[in-house]
Amino acid sequence: MAINLDLVIETDEDSIDMKAGLDTMQGVSDSVRCVAESILTENVPERQTSKSKVRTRLKKSFKGSYGHIFSLDVFDPKLQKRLNSIGRPAFVELLTYFISESLYQDSHPLSDKAHKVLDSLGKKAEDVVKQLRKSSLKNIHEISVKFNHDVKVRYRKSAYEQKVIAKFNQNTAMVLQATPSDEKVDLNVVITRLNIHTGNGRLQIEGKYETVAFGFGTHYKSVKLKAKKIFSENLNYNNGLENDKWKYLKISASPIKLKDGKIVK
C-alpha cells in the first residue's frame, strides 16, 4: 500500500528557481519520510538514505501551478503490514498532526485510531517534532522565503480528489525562528488538548479566542503526578461545557516568541 501525495508550488509563472524548488521538494520528502519511518518503526531517524525501507518516489507531473505527484512507499513486509493496519486515513491524519505541531499550529482532533498510534509513540512523538524542525521544514520554506511562493502538500485520495494536509509560506517560515524568552507571565488558562506522554498540548488564555501550544520547562517524567493531574483534570472538567462555565487555571509561564512579539508557545 502506497500513500499518494503531491507537492504544489503556487505561481502564475511556467517555471521556478531550480535550486530553491529542489530544496523545497527535498524538505517535503524528508518530512514525510521522517514521520512515516517514526510511526512504522517507532524509532525517529536522524537522516534518510537511499537504503531506507521507507522512501518517497516521484511520479508523473501535472499541469497548473508547478508541482509533482509523489508517493510514500514501504519496502519491508513487516513495516508494510503495520502501515496496512494503521490505514491511509489515520496515517494522513498523523502526517498532518506532526507538521502542524512542528509549526506550533493547532490541528483537527485525531480519530481514535490515529490517537492510539500517537500514544504508542510516547515520548518519541516529541522527538519527531524536534527532528522535523532541524532541517526538513527549513528546506521546505526555501521557495517561500526567497521567491514568496506558497507551498501545499496534498493527499491524493484519487486522481480527482485531493486534500490539502499542509501549507507553507513566509509566515510559517518565521515560526521556525521563534526563540524562548526569559520573562515570566501570569495567565488564567483552560487546557484544550494534552498529550499525557510528552506533556505538550494547547491552552486558551482567558479573553482570547485562539489556542496556543504549551509544554513543560522540564522533562515531563520529572513533573510531579499532582501537577500533571491538575492539567488533565482541567481538560476533563471543561470538555463539552460552554465557555462561560469553564474553570480556569492560574499558571506562570515563559513564552516562546516570534520577532514581532507574537507568542507561539
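Buried means under 20% relative accessible area, exposed over 50%, and partly exposed in between (1.4 Å probe, protein chains only). The model is predicted: local features need pLDDT of at least 70, side-chain atom pairs count only at pLDDT 80 or more, and totals for chains, interfaces and linings use all residues. Residues are numbered from 1 along each chain as its sequence is written, and side-chain values use heavy atoms, with hydrogens and water left out.

**Exercise 1. Classify Y104 and E42 by accessibility and phi.**

Step 1. Y104 has 16% relative accessibility, so Y104 counts as buried.
Step 2. E42 has 31%, so E42 counts as partly exposed.
Step 3. Most residues other than glycine have a negative phi. Phi of Y104 is near 60 degrees, a positive value. Phi of E42 is likewise positive, near 60 degrees.
Step 4. Place them. Y104 sits in the loop between helix 3 and helix 4 (112-121). E42 sits in the loop between helix 1 and strand 2 (54-58). Helices (H or I, at least four residues) and strands (E, at least two) are DSSP runs, numbered from the N terminus.

**Exercise 2. Check the span and burial of helix 3.**

Step 1. The expected span is 1.5 Å times one less than the number of residues.
Step 2. For the 15 residues of helix 3 that gives 21 Å, and the end C-alpha atoms are 21 Å apart, which agrees.
Step 3. Twelve of the 15 residues are buried, so helix 3 is largely enclosed by the rest of the structure. Among them are F91, L94, L95 and F98.

**Exercise 3. Describe how helix 3 packs on helix 5.**

Step 1. Axes are lines fitted to C-alpha atoms, for helices over the stretch in contact; angles run from 0 to 180 degrees between N-to-C directions.
Step 2. Helix 3 (residues 88-102) and helix 5 (residues 124-140) pack at about 70 degrees, with axes 9 Å apart. That makes helix 3 roughly perpendicular to helix 5. Angles under 35 degrees count as roughly parallel, over 145 as roughly antiparallel, 65 to 115 as roughly perpendicular and the rest as oblique.
Step 3. List the contact (heavy atoms within 4.5 Å). Helix 3 gives F98, I99, E101 and S102; helix 5 gives A125, V128, V129, L132, R133 and L137.

**Exercise 4. Do likewise for helix 1 and helix 3.**

Step 1. Helix 1 (residues 18-41) and helix 3 pack at about 120 degrees, with axes 10 Å apart. That makes helix 1 oblique to helix 3.
Step 2. V32, V35, A36 and I39 of helix 1 meet F91, L94, L95 and F98 of helix 3.
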